[in-house]
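Subject: Structure handover and findings

Hello,

Here is the structure for you to take over. Please open it alongside this email, and then read on for the findings.

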Amino acid sequence: MLQLLPERGSLDSDSLERLYAHPESRHLRVNFITSLDGGIEVDGRSGPLGGPPDRAAFMAMRAVADVVMVGARTARAEDYGPVRLGPDRVGRRAARGQGGDPPLAVVTAGADLDTGSRMFAGDGRLIVYTTATAVSRRPTLRRVADVVVCGDHIVDLHAVVADLRRRNLGRVLCEGGPSLTRGLFAADLVDELCLTLAPLLVGSAASSLSGAWPGTVPGRFELAGLVEGDGMLMARYRVVRPEGGG
Ligand SMILES: NC(=O)c1ccc[n+]([C@@H]2O[C@H](COP(=O)([O-])OP(=O)(O)OC[C@H]3O[C@@H](n4cnc5c(N)ncnc54)[C@H](OP(=O)(O)O)[C@@H]3O)[C@@H](O)[C@H]2O)c1
């Protein structure tokens, strides 16, 4: 893999983690892969878009995060399991003062999660950010997950991020999907968008990052970094906030 910006150079796992180190202890990064025609899935899954370079960047981003967050539809569609980094990455985390594998956090208003699915299978407990309405319907969820109520009917994403910070999980990696990402952007909670452009077309039926925005669409981004591998471009865009803004 070749780093093109901010300076040129080849990258290995160690240097990728340095590249993707969060600039602050409270920093929310979103990571997405998209085809040349903007598609973010093939038959409901993002896997067919990726390849070894994007997988390496994906793992580096996980390795530097305090927590990995996903929307419930992505967790279900991609059959999410607990994050497993392996001994080398965990060793580098320890050297940086971070804990073992980062926990997984799922955002769901309805809490319609199959407790037999892989996401519940870890040694550490899954964090579920949900609503009072859902918890009253599914009180047993608390037996298998760390359930946090963030609103009555809809999940207040500010409350989610505040809770993560209280737990010292301020370096957040959100792995999608588009609905949760739009919600985070609309709430002005995103600091960085990592976007991989995969050199293929998937056709117009595929869903994309665009859709109904539940609030203001962020105005501007600045390019913080660019990496190339097997024809994939992995860009890192920093959200530009107006002077004096959060
Ligand atoms: N290309 C990529 O990099 C990439 C990355 C991730 C996902 N994907 C693809 O994206 C698709 C799923 O994306 P999606 O947009 O349908 O779903 P999503 O963003 O993964 O999840 C949406 C769900 O999140 C929950 N949620 C709770 N509060 C929310 C809030 N305030 N704002 C937004 N969501 C909230 C709701 O769960 P409940 O319905 O349970 O209440 C909602 O239905 C899958 O096909 C997946 O493969 C692609």
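Below is what was found, going from the sheet to the salt bridges, two single residues and the ligand.

Please keep in mind that this is a predicted model.

**The sheet**

Start with the strands. The model has an open sheet of 11 strands, and its pairing is mixed. Reading across, the order is β2-β1-β10-β11-β9-β3-β8-β4-β5-β6-β7. The edges are β2 (9-10) and β7 (145-149), each of which pairs on one side only.

One pairing is worth a look. Strands β4 (residues 67-71) and β5 (residues 104-107) run parallel and are joined by 4 bridges. M69 has A105 of β5 as its bridge partner.

T130 belongs to strand β6 (residues 126-130). Is T130 buried or exposed? Its relative accessibility is 0%, so T130 counts as buried. Beyond its sequence neighbours up to four places away, T130 touches T108, A109, A111, V135, V147, V148, V149, C150, G151 and V155. Display that set together if you want to see what surrounds T130.

**Salt bridges**

The count comes to 15 salt bridges. Three of the pairs follow, among them one within a helix.

- D14 and R18: their side chains meet at 3.8 Å, N to O. Both sit in helix α1 (residues 13-19), and they are 4 residues apart, which means a separation of about one helical turn. D14 is partly exposed, because its relative accessibility is 34%. R18 has 58% and so counts as exposed.
- R84 and D101: the distance is 3.7 Å, N to O. This pair links distant parts of the chain, 17 residues apart. R84 is in the loop between α3 (72-77) and α4 (87-95), while D101 is in the loop between α4 and β5. R84 is partly exposed at 45% relative accessible area. D101 is partly exposed too, at 34% relative accessibility.
- D146 and R167: here the side chains meet at 2.8 Å, N to O. Again the pair links distant parts of the chain, with the two positions 21 residues apart. D146 is in strand β7, and R167 is in the loop between α7 (157-166) and β8 (171-174). D146 is partly exposed, with a relative accessible area of 28%. R167 counts as partly exposed at 29% relative accessibility.

The helix pair is also part of something wider. D14, E17, R18, R92 and R96 are linked in a network of salt bridges.

**Q98, in a loop**

Q98 lies in the loop between α4 and β5. Q98 is nevertheless buried, because its relative accessible area is 11%. What does the side chain of Q98 reach at 3.0 Å? The backbone oxygen of V64. The side chains of Q98 and D66 are also joined by a polar contact of 2.9 Å. Leaving out residues up to four places away in sequence, Q98 touches A63, V64, A65, D66, R93 and R171.

**L5, in a strand**

L5 is in strand β1 (residues 2-5). L5 counts as partly exposed, since its relative accessible area is 36%. Apart from neighbours within four places in sequence, L5 is in contact with L223, G225 and L226. For a sense of scale, take L5 and G81, which are 76 residues apart along the chain. Their C-alpha atoms are separated by 33 Å.

**The ligand**

There are 25 residues around the ligand. Which of them come nearest? They are R73, T74, E78, T108 and S179.

Three polar approaches to the ligand are listed here, each to an oxygen atom:

- T74: a polar side-chain atom lies 2.5 Å from a ligand oxygen atom.
- E78: an N or O atom of the side chain is 2.4 Å from a ligand oxygen atom.
- G110: a backbone N or O atom lies 2.8 Å from a ligand oxygen atom.

Taken alone, the ligand exposes 920 Å², and the protein buries 84% of that.

T108 ties two of these topics together. T108 is among the residues that come nearest to the ligand, and T108 is also one of the contacts of the buried T130.

Best wishes

How values were computed:
Residues are numbered from 1 along each chain as its sequence is written. This is a predicted model: local features need pLDDT of at least 70, side-chain atom pairs count only at pLDDT 80 or more; totals for chains, interfaces and linings use all residues. Side-chain values use heavy atoms; hydrogens and water are left out. Two strands pair if DSSP finds at least two bridges between them. Buried means under 20% relative accessible area, exposed over 50%, partly exposed in between (1.4 Å probe, protein chains only). Contact means heavy atoms within 4.5 Å. A salt bridge is a side-chain nitrogen of Lys or Arg within 4 Å of a carboxyl oxygen of Asp or Glu. A polar contact is a pair of N or O atoms within 3.5 Å; within protein, one must be able to donate a hydrogen and the other to accept it, and residues adjacent in sequence count only if both atoms are side-chain atoms. A residue is near a molecule or strand if one of its heavy atoms lies within 4 Å of it. Accessible areas come from the Shrake-Rupley method with a 1.4 Å probe; for residues, only the protein chains shown count as cover.
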